[in-house]
Amino acid sequence: MSTAKALIIEKINSLSDEMDELQIIERLYMLARLEHSRNRCRTEGTISDASLDEHFKSKRGIMINA
């Protein structure tokens with residue numbers, strides 16, 4: 001069995017038995033996105049809160065002036 005398949009089966013087995021198919025798919029998608037984000041933070045690093053504030057302040061300024 002491939003590693004990816006084993007990881008997915010492990011994640012599915014950890015989910016509640018009360019979840020329906022759509023909830024399971026949504027949860028697997030969310031877990032995949034979180035893992036992608038964690039890996040990206042490890043490889044590319046993160047930004048500071050101040051940098052994030054400046055980024056969105058500049059975006060708001062562009063939207064207000066448009």
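The accessible surface of the protein in this predicted model amounts to about 6100 Å², and carbon and sulfur atoms account for 56% of that area. Of the 66 residues, 3% count as buried. The radius of gyration is 18 Å, whereas a compact globule of 66 residues would have a value near 11 Å. Along the principal axes, the C-alpha trace spans about 50 × 30 × 15 Å.

The secondary structure consists of three helices and zero strands, and the order along the sequence is accordingly α-α-α. Helix α2 covers residues 21-44 and comprises 24 residues. From the first C-alpha of α2 to the last, the distance is 34 Å, close to the 34 Å expected at 1.5 Å a residue. At the start of this helix, D20 places a side-chain oxygen within 3.2 Å of the backbone nitrogen of L22. Beyond the other end, α2 is followed by G45, for which phi is positive, near 85 degrees.

Two salt bridges are present in the structure. Side chains of opposite charge can pair when their charged atoms come close. One of the two salt bridges joins R38 to E35, with 3.1 Å between the closest N and O atoms. These residues lie three positions apart in helix α2, so about one helical turn separates R38 from E35. Both partners retain some accessibility to the surroundings: R38 is partly exposed, its relative accessible area being 43%, and E35 is likewise classed as partly exposed, at 30%.

A salt bridge is also formed between the side chains of E44 and R40, again with an N to O distance of 3.1 Å. E44 and R40 are four residues apart in helix α2, and the separation therefore corresponds to about one helical turn. With a relative accessibility of 56%, E44 falls in the exposed class because that class begins over 50%. R40, at 46% relative accessibility, is instead counted as partly exposed.

Helix α3 spans residues 49-65 and contains L52. The relative accessibility of L52 is 36%, which places this residue in the partly exposed class. L52 also belongs to a nonpolar surface patch, in which the other members are I47 and F56. Together, the three side chains I47, L52 and F56 contribute about 290 Å² of accessible area.

S51 is likewise located in helix α3. This serine is partly exposed, with a relative accessibility of 40%. The side chain of S51 makes a polar contact with that of S48, at a distance of 3.0 Å. The position of S51 was further compared with that of L34, which lies 17 residues away along the chain. The C-alpha atoms of S51 and L34 are 22 Å apart.

Taken together, the model describes a protein of three helices without strands, in which 3% of residues count as buried and the radius of gyration is 18 Å, against a value near 11 Å for a compact globule of 66 residues. The salt bridges R38 to E35 and E44 to R40 connect residues of helix α2, while the nonpolar patch of I47, L52 and F56 lies on the surface.

How values were computed. Residues numbered from 1 in each chain as written. Predicted model: local features only at pLDDT ≥ 70, side-chain atom pairs only at ≥ 80, totals over all residues. Heavy atoms only, no water. Patch = residues over 30% accessible without salt bridge, like charges linked within 9 Å, V, L, I, M, F, W, Y side chains within 5 Å. Areas by Shrake-Rupley, 256 points an atom, 1.4 Å probe, with all protein chains shown as cover. Salt bridge = Lys/Arg side-chain N within 4 Å of Asp/Glu carboxyl O. Helix = DSSP H or I, 4+ residues; strand = E, 2+ residues; numbered from the N terminus. Buried < 20%, exposed > 50% of the residue type's maximum accessible area, 1.4 Å probe, protein only. Expected span 1.5 Å × (residues − 1). Polar contact = N/O pair within 3.5 Å; in protein donor to acceptor, adjacent residues only side chain to side chain. Rg over C-alpha atoms; globule rule 2.2 N^0.38 Å.
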